[in-house]
Structure formats: structure tokens, C-alpha cells
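Colleague: Before accepting the labels attached to this model, I should like to hear the reasoning behind them. Please take me through the terms one at a time.

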Amino acid sequence: MKKSLKGKSVLVTGSGGGLGRSHAILLAERGAKIIVHDIITDSANETAELIRGNGQKASVLISDIRDITDFQASIGKIGKIDILVNNAGVGGKGRKIEDIDIEIFNEMFDVHVRGTFFATKAVLPQMKKRNSGKIINISSIFAMGGHDSISHYAAAKSAISGLTKSWARELAPWKINVNAVAPGFVETEMTRASTSQRDIRRLEKKMPLGRFCKPIDISFAVAWLASSEADMISGQIISPNSGAVIVGY
């Protein structure tokens with residue numbers, strides 16, 4: 001598996017930090033050339049330097065995924081993209097319905113749903129021309145079982161799951177695989193912004209496997225779906241979640 005992505009070019013949206021950075025670094029270790037995308041220049045450059053520091057290749061794309069025209073134009077200038085990882089996202093921050101106004105709601109869907117949709121649309125012409133490609137969307141365990149808050153986040157991730165299954169059917173004639181990874185609880189900066197340390201430790205004890213996922217646990221799933229070992233997998237949602245769904249949590 002070490003060089004399972006040799007010669008592949010991968011765009012990872014929102015890879016300036018968190019899970020996106022973890023995905024980018026692992027995919028680079030597997031041999032891929034990474035296009036690091038983010039809205040924050042310093043964060044994207046930091047990820048790229050970490051990759052280059054390991055002797056791998058990385059370029060940087062700075063664009064606001066909510067600006068569809070600019071984002072699509074920027075992708076069009078990149079060149080070859082074999083694999084797209086639609087990772088860019090924003091957290092729900094523990095908001096209840098009463099705390100979600102139109103601006104917060106729109107941001108959630110603009111980043112997650114519109115961003116995923118139009119990034120995919122931008123890479124399709126070249127993938128169809130080559131009759132190959134892989135699209136890996138990032139959904140969430142909350143799209144599978146809901147949550148007692150952050151309903152806007154769960155709804156946006158549910159939309160991504162729906163896009164995944166529909167695109168898998170639509171794009172199969174061009175041998176384009178479309179799958180999603182739906183992380184369970186992962187202790188990242190986004191998680192800590194939504195959940196207190198006390199609640200994190202309390203929730204962790206409920207996990208059947210005894211701990212939250214680490215970013216690398218999610219990245220392993222992404223890397224596998226990106227590899228030729230998953231060529232016969234499409235329309236699937238894989239959820240590394242420490243066994244949480246076993247107990248319906």
C-alpha cells in the first residue's frame with residue numbers, strides 16, 4: 001500500500017488543517033501528488049511544506065469554496081486531477097434550531113453541499129474524457145443517526161450522502177467511482193469547538209472500541225477508497241466510528 005497512489009494527482013479541498021491535512025499527508029505518502037486547497041493561505045502552505053518536507057510533491061490552491069465561479073475557474077487551471085477528496089467543511093458548533101439563523105444555515109450548505117457539488121462538476125469533464133476517476137466525499141456519522149443539536153450540519157452531510165449514491169449511478173458508465181467516508185467522533189479542533197473536554201471524555205467512554213477515532217483512522221479509509229484496491233467499490237458510505245453505530249449512539 002505504501003505507493004498505491006504513485007502517479008496520481010489528488011485535490012483535497014479544505015486541507016489546510018484538521019482531517020484534510022491528515023488526508024493530504026497520507027495520500028502523499030502513498031505516492032500521490034497533492035493539490036492542497038484552502039481559503040487560508042498560511043494553512044495551505046503549511047500543509048504543502050509538511051508534504052514537501054517528507055520528500056513528496058504538493059502544490060497549493062487558494063480559493064473560497066463558496067465563490068463557485070472563482071473556485072471552478074481555479075480548478076480548471078490545475079491540470080490533471082485523478083482523485084477528488086471533497087473534504088472542505090465547517091462545524092456545527094453545538095447549535096440548536098433557535099441558534100441557527102439564515103446566514104449560519106446558508107454557510108453550512110454553501111460549504112458542504114454547494115462546494116462538494118461544484119468541485120465535482122469542475123473535475124468531471126477530464127475524468128469522463130479519461131474514462132476513469134475517483135471522487136471521495138466526506139459525510140458524517142450524524143447523517144446516519146442524527147444528533148440532538150447541529151441539525152443543519154447533519155442535514156448538509158445527509159445531502160452529501162445522497163449525492164454520493166446518485167453520482168455513483170450516474171457516473172458509472174465512465175468508470176468513475178464515487179464513495180463517501182462518514183467519520184464518527186474525531187477529536188479535532190472542529191470537534192473541540194463544538195464539544196467541551198468533559199463531554200469528549202464522557203462520550204469516549206461510551207465508544208464500543210474505547211476511544212474516539214484519530215484523524216489517521218479516517219485517512220486510512222480515504223486512502224483505501226482512492227487506491228486500485230477499491231476499484232469495484234462505488235456508491236458506498238464507510239464509517240470509521242469506533243463501533244458507535246452498534247449501540248445506536
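**Strand pairing and core**

Modeller: I begin with a residue pair in this predicted model: the bridge partner of V85 in β5 is I136.

Colleague: What makes β4 and β5 a pair of strands?

Modeller: Pairing requires at least two bridges. β4 and strand β5 (residues 133-138) have four bridges, in the parallel sense, so the requirement of at least two is met.

Colleague: How do you know that strand β1 and β4 pair?

Modeller: The test again is at least two bridges. Strand β1 (residues 9-12) and β4 have three, also in the parallel sense, and therefore they count as paired. In β4, I83 stands opposite V10.

Colleague: Which way do the residues of β4 point, and are they buried or exposed?

Modeller: I83 and V85 point one way, L84 and N86 the other way, and all are buried. Buried means under 20% relative accessible area, so each of these residues falls under that cut-off. In a regular strand, side chains alternate between the two faces of the sheet.

Colleague: Which elements make the right-handed β-α-β unit?

Modeller: The unit is made by β4, α4 and β5.

Colleague: Which residues touch the most other members of the largest nonpolar core?

Modeller: They are L11, I75, I135, F142, L171, I176 and V178, in a core of 35 residues. Among the elements that each supply at least two residues of this core are α4 (102-130) and β6 (176-181). Leaving aside neighbours within four places in sequence, L171 is in contact with L124, K128, I135, I176 and V178.

Technical notes
Residues are numbered from 1 along each chain as its sequence is written. This is a predicted model: local features need pLDDT of at least 70, side-chain atom pairs count only at pLDDT 80 or more; totals for chains, interfaces and linings use all residues. Side-chain values use heavy atoms; hydrogens and water are left out. A nonpolar core is a set of buried Ala, Val, Leu, Ile, Met, Phe, Trp, Tyr and Cys residues joined through side-chain atoms within 4.5 Å. Buried means under 20% relative accessible area, exposed over 50%, partly exposed in between (1.4 Å probe, protein chains only). Contact means heavy atoms within 4.5 Å. A crossover is right-handed if, with the strands pointing away from the viewer, the path from the first strand over the helix to the second runs clockwise.
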